[in-house]
Amino acid sequence: MKKKGTYSDKKSPQFEDRLGTGTQSLHPFLKTAKEEADEISDSGETTFARFASILDSSLQGFISFPDLILQFENTCREVSELLREEATGRHRVIEDRFMRQKAQMLLDEAATWSLLWYLFGKGIEDNLGDIIVSPSTSQQEVRDFVMLDHTAQLCLRVVQWLEDLASKAVDFDKKVKGWYTGSYLHKSGVWHQTQRLLRKKSGSSMLVHHLDFDAPTREQARIHPEDQKQEQALLEDVWVLLRAGRLKEACDLCRSAGQAWRAATLCGNGGYDACPSIEALRKMGKNRTLQAIELESGLGYQRRLWKWSCYCASEKISEQDAGRYEAAIFAAQCSNLKRLLPVCTDWESACWALVKSWLDIQVDLELVRLQQSKSEQIKNNGAEPDGNDALGDLSMEGSSGPDVWPRQVLDQQPRDIQTLFQKLHSGDLVPEAVCRGCKEQHRQIEMNLMVGDVSHLLDLLRAWITPPSNDNTGSRPHGHPQMIRFGAHLVLVLRHILPDDVKDAFQEKLQLIGDLILNTYAIFLFTQRREELVGVYASQLAPYLCVELYVHMMELRLNDSVHVKYKIFRSAMEYLPFFPGEASKGCVSEILDRVLMRSREVKPSTRHVKTEDPGEQHREGCLEKATTVQWLCFTPPSTISDSELVKAELLARALQHSNILFREFALISIWRTTKMPVGAHMLLSYLAEPLKQPTELLLSLEHHNVSENLKEFQDWREYYACDALYRNWLKIEMDNEDVSPIELSSEEREKAAVAARQALNASLSLLERKYTPWLTGIQDMPQDTIEGEWLELDGIAMFRLSSGDCLQPDATACTALTSALYACAGELATERQLSVDISICTGDEYCINVVLRCTALKGDGIGPCTAEDGGLLASVMAAAFKGELEHFEEGVALEVFQLDASYINKEGFREAPAKFIVQGLCRRCCIPELILRCMQIRISLADLPDGVHQFHNELVELIASPDSGLHRLFSQQQLQEFLLLEREFCIRSMEAEEESSIDATSY
């Protein structure tokens, strides 16, 4: 009987060591991510990080793809083993069941990886050295046949695969249970109970009278039931070992059980291994004995005699119902499927029986063909063949004779691989469990791999993994996570390991469906917060899919923590080239360009709806735009090539894009409120630290106009500092207004005065710059580099009332705005061929598209230096932003969301940005507003003793000076407001002087 071992549910102490193998040459970031994943996830989910680690090693060239497949198999087995150890009743019933199901799925996957290695990863060794004998033996002929015949080679590899799976199952039983198949007590195969009854002469008439192994068959009697039970247990274990390809262990088991005769029946054919493999031929070596036998009796003659004996034994045992395992053992050695399939209770065993029988028949028929060929050759040479060589006259389909196979055996065999799988599906030939197994996902994958129908395999994976076409919920994957992971890795392995002649037939399908499955798995990892693993798979996607994937991830994780965002950034940097050039991969620069471009689009989620506070949604939109620039402010990992150059490139792009956003934010935030332009200040905070670093490499970049962008950034930093000081003063002033002047403390008055002086000093410092006026001096491109003749200003805006509410546009309002903008240009509209196009946005009924276009002239779009006021287009749009358009509704202004200016060539295509227009527009809107704010602050200081003298006429002189030209930036209403504020300041100043003189006289 079998030895009983103690079973322990404690995890294997070596498992954790095995868990970390195969990752020595990975990116450090991926190693860290793997360690974090192993800590926070359950055992079944560690496969995501481990598979990514192994795949990364292979893509870097550290391990070959055949070795990659073996590591995938080992990983699945190890994690499956860990799950099975954990599912031992320590959890709830449902949890244990779920863990066992996951463990079984991983075990099935391991079997599929193993098959893939046997089919495509295992090479063919043809260097047999000095073991070749001449004339050749049947073993050598069989080996040559299997090497050259595709079907036989396929069958051999499938048999080896299935036997390897069974062998690993036996080893697992030994490891986990403490006992294993074949662990028998000494001489347990001897019929002790029968022997005892025979000695007492008290047995029944049905009991055998002799103890030799032929007695039950010869006497048509039985042994003792206890011995029969022990005999069946022995035969069952012999069957398991034969099924696992462990012929030697099966023979040793029979000998240790006291049945050496049974070992002899297993090692028939002279004790030689009948497997037509190179390993078996090497083990046999230079077999002179077999050579001598076959020279005398004919090629494969002894083999056929042995197989005939096995066939007769299997039939006789089955007829006497002496035991199905004993009949199956003999049937497996003679391809007798009728007696073999009944004991095959699972898909793997039934498939092994069919394929092995078919392989043996192919080999046997080939040996007969070779012998016939030799007989014909002897006849042609004039020699008389002996009886053993005269096989040419015998039919291969005969039913008797030692040299041929019975028709019953031949008829049982499949004609091709498709017929073989049909037999597996047939309930008449195999048990129901085998038919059910054919419907399992991994069994279907394995059958398609054996057939070589990769096209149908891809269709199956797509149906199981990717969302159906009628799924309107987006690209969220469906199906089991382990199947999604397996499908992604399978298509990658197929791309690299399939022979070119096989892959050419479905190259396009493998690329398209493979990308679809990879993209689905990447999205799945993203939804599971495993962003650090995405880069390995995104790098294998088509460039456009890779870019779309990262853009999608960056948009969805825009408001997440810096740690999460940096994981996405670093995964892109680690696995994708930064600059374009490698056609097979997407590049980081294109991803960032797309993210920045899409961030400026007015999305439905951020567009304004009619609420009591219309500016709030604008600020939220600005915040989202500003947050996008953080992607450019991360430090690239030092492990990538040219990391310092990439860092400078990112900073240059951040400067360029920040300036674009600064212009838009400034036009939005010209209203005199206490709410800070949070988007602008967030941009300043992002770039504060990077700009502290040395800028030599940054300034050496020529294609981004870094020096000009850096100067403009500094101008905006100074402007927003003034803006923040003004809003701080305004908040203090408004808080003080809520308190009675009598109750207002001197500290509060002093605080307001200090804030006013700070704001006024900062603004005057910006306005009085002589050599580098604010937002001027930007050199335009020379005329010969500009192919276009047109300037275009386009943007997305909304109507805003002076009360702060928004006005929903209609066709009438759009037509009126078109006419007002055209009329604002006066005679220049005709001279410059001005065109105005206003339309309602299709996605938002509160927004309008504004497009202005005119011809470029010298000084306004053409020449080495452009006009500082932005030219015609800027002047027209400035009137709209200030709400001072004639022939339009009074008090209605445009509030911009997005604004761009560009050069247009003759064909109507955009050639280059014309940022001087937007910069000039900002000067027209921001500088007058800044001066008016200063006037407002001056009034608050007029009551103070030193307020009159410190800021007396500076602002008036600044505007009136012909050198500054600031008066050209003011509209009619702004000039009127300026004069009114100056008048109020003068009155307040005189009142303050009068009160001061009265107080002095009284004193």
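Okay, so arginine 938 first: its charged end sits over the ring of phenylalanine 985, 3.7 Å from the ring centre. Keep in mind that this is a predicted model. There's another contact of that kind, with the charged end of lysine 565 over the ring of tryptophan 631, and there the distance to the centre is 5.5 Å.

Now, rings with rings. How many aromatic pairs does a search of the whole structure find? The count is 28. Let me show you a tilted one, phenylalanine 72 with tryptophan 113, at 4.9 Å centre to centre and 50 degrees between the planes. Phenylalanine 72 belongs to helix α4, residues 65-86, and tryptophan 113 to helix α5, residues 93-121, so this pair ties together parts that are 41 residues apart in sequence. Both phenylalanine 72 and tryptophan 113 are buried.

The other pair I picked is tryptophan 716 and tryptophan 774. That one is edge-to-face, with 5.1 Å between centres and 85 degrees between the planes. Tryptophan 716 is in helix α37, residues 706-737, while tryptophan 774 is in the loop between α38 and β1, so here the parts tied together are 58 residues apart in sequence. Tryptophan 716 has 0% relative accessibility, so it counts as buried; tryptophan 774, at 3%, counts as buried too. And these two have company: Phe662, Phe713, Trp716, Tyr719, Tyr720 and Trp774 form one aromatic cluster.

Stay in that loop for a second, please. Leucine 775 is there as well, between α38 (746-767) and β1 (790-801). Its phi is positive, about 60 degrees, although leucine 775 is not a glycine. Most residues other than glycine have a negative phi. Is leucine 775 buried or exposed? Buried, because its relative accessibility is 3%.

Compare aspartate 642, another non-glycine residue with a positive phi, near 55 degrees. Aspartate 642 is in the loop between α33 (630-633) and α34 (643-668). This residue counts as exposed, because its relative accessibility is 53%.

Back to helix α38, where we find glutamine 758. At 42% relative accessibility, glutamine 758 counts as partly exposed. Its C-alpha is 8.8 Å from that of tryptophan 729, and the two residues are 29 apart along the chain.

Last stop, the surface. Phe579, Leu645 and Leu697 make up a nonpolar patch there, and together they have about 210 Å² of accessible area. Phenylalanine 579 comes from the loop between α30 (562-575) and α31 (588-599), and with 33% relative accessibility it counts as partly exposed.

Technical notes. Residues numbered from 1 in each chain as written. Predicted model: local features only at pLDDT ≥ 70, side-chain atom pairs only at ≥ 80, totals over all residues. Heavy atoms only, no water. Patch = residues over 30% accessible without salt bridge, like charges linked within 9 Å, V, L, I, M, F, W, Y side chains within 5 Å. Areas by Shrake-Rupley, 256 points an atom, 1.4 Å probe, with all protein chains shown as cover. Salt bridge = Lys/Arg side-chain N within 4 Å of Asp/Glu carboxyl O. Helix = DSSP H or I, 4+ residues; strand = E, 2+ residues; numbered from the N terminus. Buried < 20%, exposed > 50% of the residue type's maximum accessible area, 1.4 Å probe, protein only. Phe/Tyr/Trp six-rings, centres within 6.5 Å; stacked < 30°, edge-to-face > 60°. Lys NZ or Arg CZ within 6 Å of the ring centre and 35° of its normal.
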